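Please work through the exercises below with the sequence and the structure open beside you. Each task is followed by a solution that goes step by step.

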Amino acid sequence: MRLTIYIAFVVFILDQASKWIVVHAFNLRSVGEIDVFPPFLVFRMAWNTGVNFGLFSDYAALLRWVWVVLAVAVSAWVLTWVRREGFSRLGSISAGLLVGGALGNALDRVLYGAVADFLSMSCCGIRNPYSFNVADIAIFAGAFGLILFTGDGKKRA
């Protein structure tokens, strides 16, 4: 459980620090786009009021606090699951990634009313129109890790 909380804390701090640096210190909010290593990495400001890829953005005002409560509830459930099941090291790390990312994006919704997305990666002549953030990476990796590294391997086989 301690490892999960440590990883969640580190992810949360990295996510919030990266957002503060890029949005405020680099003034991406006003600039809109900064070429870092084009076309592979571009900082492109996007305020996501919905969920993945802006889904449900039309209901942003109505759902803002629903997303915050849902992120906190899922985080609490995952922490309870970790404590009850006694995950392996990789399972605990995965849970921490998911919880830290979820709480990082939830804080954005509280502070800004939307999630600050700024990482945009493209390759091979294909321009990616979407942006994401450190929390999104952690949530994806954490969810994938929970699928791979939790549960009884005998039952899954």
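The exercises that follow concern a predicted model, and they treat salt bridges, a loop residue, nonpolar cores and a surface patch in turn.

**Exercise 1. Trace the salt bridges of Lys19 and decide whether the residues taking part are buried or exposed.**

Step 1. Begin with Asp15, whose side chain meets that of Lys19 in a salt bridge with an N to O distance of 2.8 Å. Asp15 and Lys19 both belong to helix 1, which covers residues 2–25, and they are four residues apart, or about one turn of the helix.

Step 2. Turn next to Asp108, which also forms a salt bridge with Lys19, and here the closest N and O atoms are 2.6 Å apart. This pair links distant parts of the chain, since Asp108 lies in helix 4 (residues 89–112) and Lys19 in helix 1, 89 residues apart.

Step 3. Apply the cut-off, by which a residue is buried when its relative accessible area is under 20%. Asp15 has a relative accessible area of 0% and is therefore buried, and Lys19, with 2%, is buried as well. Asp108 is likewise buried.

**Exercise 2. Find which strands the salt bridge between Glu33 and Arg44 ties together, and classify the accessibility of each partner.**

Step 1. The closest N and O atoms of Glu33 and Arg44 are 2.9 Å apart, and the two residues form a salt bridge. Because Glu33 lies in strand 1 (residues 33–37) and Arg44 in strand 2 (residues 41–48), the pair ties together parts that are eleven residues apart in sequence.

Step 2. Glu33 has 37% relative accessibility and so counts as partly exposed, whereas Arg44, at 12%, counts as buried.

Step 3. To complete the account, salt bridges with shared partners join Asp15, Lys19 and Asp108 into one network, and the count of salt bridges in the model comes to four.

**Exercise 3. Describe the surroundings of Asn128.**

Step 1. Locate Asn128 in the loop between strand 3 (115–120) and helix 5.

Step 2. Follow its side chain, which reaches the backbone nitrogen of Tyr130 at 2.9 Å.

Step 3. Leave aside the neighbours within four places in sequence, and the residues in contact with Asn128 are Arg44, Ser120, Met121 and Ser122. Arg44 is the residue that forms a salt bridge with Glu33.

**Exercise 4. List the residues of the largest nonpolar core and name helices that supply them.**

Step 1. The largest nonpolar core has nine residues, namely Ala8, Val78, Trp81, Val82, Phe87, Ala95, Leu98, Val99 and Leu146. At least two residues of this core come from helix 3 (60–85), and at least two from helix 4.

Step 2. Another core, of eight residues, lies apart from the one just listed, and its members include Val22, Val23, Phe43 and Ala116.

Step 3. For a view around one core residue, take Ala8, which touches Gly96, Val99 and Gly100 when residues up to four places away in sequence are not counted.

**Exercise 5. Identify the nonpolar patch on the surface and the helix that gives its largest share.**

Step 1. The patch is formed by Leu90, Phe140, Phe144, Leu148 and Phe149, which together have about 530 Å² of accessible area.

Step 2. Helix 5 (residues 134–149) contributes the largest share, four residues.

Step 3. As a check on one member, Phe144 lies in helix 5, and because its relative accessibility is 48%, Phe144 counts as partly exposed.

Note on methods: Residues are numbered from 1 along each chain as its sequence is written. This is a predicted model: local features need pLDDT of at least 70, side-chain atom pairs count only at pLDDT 80 or more; totals for chains, interfaces and linings use all residues. Side-chain values use heavy atoms; hydrogens and water are left out. Patches are made of residues with over 30% relative accessible area and no salt bridge: like charges are joined within 9 Å, nonpolar side chains (Val, Leu, Ile, Met, Phe, Trp, Tyr) within 5 Å. Accessible areas come from the Shrake-Rupley method with a 1.4 Å probe; for residues, only the protein chains shown count as cover. Buried means under 20% relative accessible area, exposed over 50%, partly exposed in between (1.4 Å probe, protein chains only). A polar contact is a pair of N or O atoms within 3.5 Å; within protein, one must be able to donate a hydrogen and the other to accept it, and residues adjacent in sequence count only if both atoms are side-chain atoms. Contact means heavy atoms within 4.5 Å. A nonpolar core is a set of buried Ala, Val, Leu, Ile, Met, Phe, Trp, Tyr and Cys residues joined through side-chain atoms within 4.5 Å.
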